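These are my notebook entries on a two-chain model, written up in the order in which I looked things up. I begin with what kind of model it is and how its parts are numbered, and then go on to the folds and the contacts.

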Amino acid sequence: MKLSELVRSHSYAKYAAAVLLFMLVIWIDTHIGFFSSRQINLMIRVIYYGIVALGFNVLLGYGGQISLGHAAFMGLGAYLTAYLAGNYQLNFLPVLLISGLIPMFFGTALGLVALRLERLYLAIATLGLGVTIQQVFQEWTAFTGGFSGVRLPRPEMFGYVFAHSHHYLLLISLILLAVMILSYNFARSRTGRALKAMRDSEYAARSLGINLVKYKLLAFAASSFYVGIAGSLYAYAERFVHPQIWGVELSLDMLAMVVIGGLASIPGSLFGAAFLVLIPQISRTIPLLNRITNINFILTGLAMIFVIKFMPMGIYNWLELKIIMPLRNREVQIEQRHKGLGEDDHDNSGS
Amino acid sequence: MTILEAKDLVKTFGGLTAVDSLSFSLQEGEIYGLIGPNGAGKTTVFNIITRFYQADSGQIILRNNGQDLELLDLKAHQIPEQGIARTFQNLELFPNLTVLENLMVGRHVNLKTNILQEIFRLPSFFRREEAAENQAMEILDFFDLLERASRRAGSLPYGEQKLVELARVLMTDPDILLLDEPAAGLNASETHRLAERLREIRANFGITLFVVEHDMELVMDICERICVINFGQVVKIGTPEEIQNSQKVQEAYLGGEEN
């Protein structure tokens with residue numbers, strides 16, 4: 001069983017450690033106030049976009065399916081949250097769950113389209129659906145408030161109101177950790193392997209008994225669930241939802257996050273989300289660049305081209321493969337030399 | 001005892017009749033060869049049996065535990081559940097998965113974990129996953145691929161990739177294995193080793209082998225019975241000796257005199 005430990009050596013213990021450490025820093029910061037509220041809001045944004053990227057990765061990175069309409073599901077999650085929290089004063093957790101489940105239902109319906117279409121055709125069909133839903137958001141004023149948008153109260157859980165953005169950041173960090181662990185488990189199991197198999201060769205997948213219909217629908221359902229939840233977290237963070245942002249640009253940003261950060265990679269998803277959130281902030285501070293309108297799109301596009309050309313597995317996987325792994329392997333080799341062990345025997349379980 | 005029987009299979013592509021009222025049957029536990037010149041319809045037969053192609057007419061009966069099952073009523077992904085698995089002529093590995101993951105995908109049908117057990121890592125998940133992994137390791141050991149387990153499948157040399165595909169298909173616990181040109185691209189010594197392994201597979205796992213192959217030496221070496229087809233029709237069915245001595249077979253391959 002040594003080899004299985006080797007394969008499983010990327011234990012999620014390190015995700016837990018990283019997130020808990022981050023939470024500790026934020027908790028200390030609630031007392032000393034080192035980070036500005038703008039920085040805290042950026043971190044919140046990185047986290048909910050991180051969940052978006054994790055979800056989109058289920059679809060694209062693991063399942064090999066594409067959608068340019070997922071922004072609409074994020075918007076649906078956000079509006080549901082605004083509606084339920086505003087009109088029914090529901091608690092944070094049930095709202096979050098419903099805001100994931102209803103987009104999941106719509107995502108499954110979109111998956112039915114995916115059964116018939118591939119690649120570009122699928123991208124165009126999903127794009128059309130996304131734009132349609134965005135129109136509905138603008139017109140259906142009873143639910144969405146139309147162009148004036150909707151406001152919603154602060155999140156409330158078990159009678160506690162998250163009035164401080166530090167506290168909200170701590171809360172959604174925990175949610176992120178839960179999502180990361182579930183994604184990790186999902187990717188390393190029969191279902192996750194079936195998705196990856198479908199991505200790599202549909203023929204071989206079918207010949208081994210994988211029902212492509214089932215797993216395509218599942219990829220769309222799961223990714224819509226994640227994205228809906230992220231929409232809910234967005235709504236609670238901004239406490240204002242308006243129809244403008246749920247368009248093609250956001251769907252393309254989701255694609256960019258996954259491609260830049262790393263296909264089928266959990267830390268890569270967070271890298272990609274951080275990249276897309278921080279690029280506009282950084283470019284704003286650079287003297288010449290900030291005069292160019294739409295510089296964000298240009299930089300994102302350039303980054304995608306650069307990543308696809310030079311590190312097709314994404315920034316995170318590239319870093320791990322070229323920088324972290326060689327270092328770790330050197331340690332393992334040194335260790336082996338000391339122990340005099342063969343290659344098969346070394347126990348590389350880092351957890 | 002007959003385990004698989006094809007009756008009057010017909011498959012046309014537009015005006016071309018690729019398989020023309022073809023009938024044959026496999027006995028349980030035998031190594032059965034399907035040979036013929038290029039374009040004779042061999043791979044088409046495999047694609048019909050595994051339901052990648054829809055036959056125009058005919059029947060394929062699987063006789064399992066005395067029960068007859070019409071395979072043409074099933075969908076492609078339901079075929080492995082019935083104990084029939086195949087390899088591909090042009091190697092269909094999952095190149096971005098590790099060798100071990102490739103084998104674990106092979107276990108898909110028999111690994112009974114559901115998504116809740118998987119995402120919450122319930123004890124039943126570990127038990128079943130581990131059992132499957134142990135089996136994968138045994139099979140990798142059989143193919144001398146143990147130290148390749150955590151390598152990306154696409155990074156292996158061609159000969160090893162072919163073995164991984166064979167190992168993966170054994171993970172489905174098949175009764176009948178359809179091998180589409182298992183020796184293609186292998187050198188002489190690899191082919192020789194393959195022949196030994198195929199015999200061992202039959203002996204150890206009791207699997208009926210159905211082999212499409214161009215390497216005549218291999219076919220004559222391992223097959224007990226051979227079916228020669230040309231233009232989608234049976235030319236001759238018989239033992240290797242009968243096939244080698246058949247005038248009709250030689251004509252099919254070399255082109256006989258016109259009338």
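**Entry 1: ground rules.** I noted that this is a predicted model, in which local features need pLDDT of at least 70 and side-chain atom pairs count only at pLDDT 80 or more, while totals for chains, interfaces and linings use all residues. Residues are numbered from 1 along each chain as its sequence is written, and chains are lettered from A and ligands numbered from 1 in the order in which they are written.

**Entry 2: chain A as a whole.** I looked up the secondary structure of chain A and found 15 helices and 4 strands, where helices (H or I, at least four residues) and strands (E, at least two) are DSSP runs numbered from the N terminus. I then noted that the C-alpha trace of chain A spans about 70 × 55 × 50 Å along its principal axes. The radius of gyration of chain A, taken over C-alpha atoms, is 21 Å, which agrees with the value near 20 Å for a compact globule of 351 residues; the globule rule is 2.2 Å times the number of residues to the power 0.38.

**Entry 3: where the chains meet.** I looked up the interface and found 26 residues of chain A in contact with 35 residues of chain B, a contact being two residues whose C-beta atoms, placed from the backbone, lie within 7 Å. Which helices of chain A supply at least two residues each to this side? They are helix 1 (2–7), helix 8 (165–187), helix 9 (190–200) and helix 10 (202–207), and helix 9 of chain A gives the most, with 7 residues. By class, this side of chain A has 11 nonpolar, 8 polar and 7 charged residues; here Ala, Val, Leu, Ile, Met, Phe, Trp, Tyr, Cys and Pro count as nonpolar, Asp, Glu, Lys and Arg as charged, and the others, Gly among them, as polar.

**Entry 4: the domains of chain B.** For chain B, I took the domain assignment, whose bounds come from an automatic or database source, and it gives domain 1 (1–83 + 174–259) and domain 2 (95–171). The C-alpha centres of these two domains of chain B lie 27 Å apart. I found 9 residues of domain 1 of chain B in contact with 7 residues of domain 2 of chain B, and the domain 1 side of that contact divides into 6 nonpolar, 1 polar and 2 charged residues.

**Entry 5: the sheet of 4 strands.** I looked up an open sheet of 4 strands in chain B, which has the order 2-1-4-5 and antiparallel pairing, where two strands pair if DSSP finds at least two bridges between them. Its edge strands are strand 2 and strand 5 (67–70) of chain B, each pairing on one side only. Strand 1 (residues 2–13) of chain B is joined to strand 2 (residues 16–27) of chain B by 8 bridges, and B:Thr2 stands opposite B:Gln27, while B:Phe13 has B:Leu16 as its bridge partner. The hairpin of these two strands has 2 residues between them, and B:Gly14 takes a positive phi near 60° there. Strand 1 of chain B also runs antiparallel to strand 4 (residues 57–64) of chain B, with 5 bridges, and B:Val10 stands opposite B:Ser57.

**Entry 6: the sheet of 6 strands.** I then followed the other open sheet of chain B, in which 6 strands have the order 6-7-8-3-9-10 and the pairing is mixed. Strand 6 (84–86) and strand 10 (233–238) of chain B are its edges. Within this sheet, strand 7 (residues 176–180) of chain B runs parallel to strand 8 (residues 208–212) of chain B, with 5 bridges, and B:Leu177 stands opposite B:Leu209.

**Entry 7: two helices that pack.** My last search was for how helix 2 (residues 99–106) and helix 4 (residues 123–142) of chain B pack, and I found an angle of about 115° with their axes 10 Å apart; axes are lines fitted to C-alpha atoms, for helices over the stretch in contact, and angles run from 0 to 180 degrees between N-to-C directions. B:Leu100, B:Leu103 and B:Met104 in helix 2 of chain B meet B:Ala132, B:Ala136, B:Ile139 and B:Leu140 in helix 4 of chain B, and the residues of this contact divide into 7 nonpolar, no polar and no charged.
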